[in-house]
Amino acid sequence: MSTPTSMSRTLVLEEFGTLPRLAERTVPEPRPGHTLVRMAAATVAHLDLNVLDGEFGILPELPFVPGTQGSGHVLASDTHPEGALVRVRGEGLGLSRDGAWAEHLLLPDAAAETMPAGTDPALACTYFSPVGTAWATVHAIARVQPGERVLVTGASGAVGAMAVQLAARVGAEVVGAVGRPAKLAHVPATAKALLASELSEQAIGGKVDVLIDTVGGSILRNALTLVRQRGRAALLGYTAGRELTLDLADFFLADVSLLPVNMISRAQEVAPEVLRLLPDLSSGALSLPYERYGMDALGEAVERLRTGEAVGKIVLDLT
Ligand SMILES: NC(=O)c1ccc[n+]([C@@H]2O[C@H](COP(=O)([O-])OP(=O)(O)OC[C@H]3O[C@@H](n4cnc5c(N)ncnc54)[C@H](OP(=O)(O)O)[C@@H]3O)[C@@H](O)[C@H]2O)c1
């Protein structure tokens, strides 16, 4: 194993409730059972914000390097080929051990997964969850059929935009709803884009067969009334509110199946399907929205995520 000698720019959290500070640290020493990665990209996700805020179940010891997912190229490893692009996640990364918001990362071999050569590092660290969730929702859970009409809420978000594209690929007619006017332009062109506040049977041309809801709250309550009898509603997010109350008489009358999406239980079964979609994601045949920020612009990235203004995933550029 060769030992790089340079310093590594690293985002270090010193106090919960604050932003990590950009610092120079020495590159970690390679050691057996571990892979040293020159990071290229990392995600900034809601889970990371929970860690920054000190609200995650297990609090890491400070100072701490956040970042639960990332990607980069192998510098030294007994397991992964030198130079290979790897996706890094799991094994407590960014939760109980230093994470991906750094130029260099030494991690247990099991936390690195080799990605096909030539994959964009930003795609490598963002694709799995939104694409896997959208695939499971459209194919395994809602079982969208050709010719069906599908309504997707949060249709400019990472999962929503992917669900729109996958449902359209099946041959469904898709309506995509967003919360803010600025997001209308970011709904994939395969859907008719509308504001959630304007959703009505008339606006969408009659009831839909399937609802895919990524936001919850009052948007879900309204959207559910737009599903036909014996239609399906797949529910996967609750950013806009986590409670849904049911009047049982109305529920029976509506006759709409409520289908929970649980990616923790489905991650393994969707993994091969998601990998099969990677060439389409790389070529742009399927597009996964994300915003890219430098390490010195973390504050802006966090703010965009907290306010919901971000379009798709947020990626830190660590190159
Ligand atoms: N059930 C599961 O297994 C599973 C798996 C993966 C993801 N999820 C959940 O699915 C949801 C969508 O994921 P995603 O990656 O697509 O998320 P995303 O891109 O961050 O957001 C989806 C949409 O939610 C709205 N939003 C975001 N933050 C908001 C805020 N602070 N206030 C109000 N609205 C906000 C925005 O839509 P508008 O601007 O149009 O309102 C945004 O486009 C998330 O809640 C995520 O936790 C669930």
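Author: A polar contact is a pair of N or O atoms within 3.5 Å. The model is predicted, so local features need pLDDT of at least 70 and side-chain atom pairs pLDDT 80 or more, while totals for chains, interfaces and linings use all residues. Residues are numbered from 1 along each chain, and side-chain values use heavy atoms, without hydrogens and water.

Reader: How far does a polar side-chain atom of Thr239 lie from an oxygen atom of the ligand?

Author: The partner of Thr239 is an oxygen atom of the ligand, and Thr239 contributes a polar side-chain atom. The distance between these two atoms is 3.3 Å.

Reader: Which residue has a backbone N or O atom 2.8 Å from an oxygen atom of the ligand?

Author: Leu236 has a polar backbone atom 3.1 Å from a nitrogen atom of the ligand, so that contact involves another kind of ligand atom. The backbone N or O atom that lies 2.8 Å from a ligand oxygen belongs to Met263.

Reader: How many residues surround the ligand?

Author: A residue is near the ligand if one of its heavy atoms lies within 4 Å. The closest are Val159, Gly179, Arg180, Lys183 and Leu236. The number of residues around the ligand is 22.

Reader: Which helices each supply at least two residues of the shell around the ligand?

Author: Helices are DSSP runs of H or I with at least four residues, and strands are runs of E with at least two. The helices that each supply at least two shell residues span 128-141, 158-170 and 298-307. They are H3, H4 and H8.

Reader: Why is one side of each edge strand left without a neighbour in the six-stranded open sheet?

Author: The sheet has the order S10-S9-S8-S11-S12-S13, with parallel pairing, where strands pair if DSSP finds at least two bridges between them. Strand S10 (191-195) and strand S13 (257-260) stand at its edges, and one side of each lacks a neighbour because each has a single partner strand.

Reader: Which residue of S11 stands opposite Leu151?

Author: Strand S8 (residues 149-153) runs parallel to strand S11 (residues 208-213), and three bridges join the two. Opposite Leu151 stands Leu211.

Reader: What is omega of the peptide bond from Leu62 to Pro63?

Author: Pro63 lies in the loop between helix H1 (46-52) and strand S4 (69-76). The peptide bond from Leu62 is cis, with omega near -5°.

Reader: What value does phi of Arg143 have?

Author: Arg143 lies in the loop between H3 and S8. Its phi is positive although the residue is not glycine, with a value near 50°.

Methods: A polar contact is a pair of N or O atoms within 3.5 Å; within protein, one must be able to donate a hydrogen and the other to accept it, and residues adjacent in sequence count only if both atoms are side-chain atoms.
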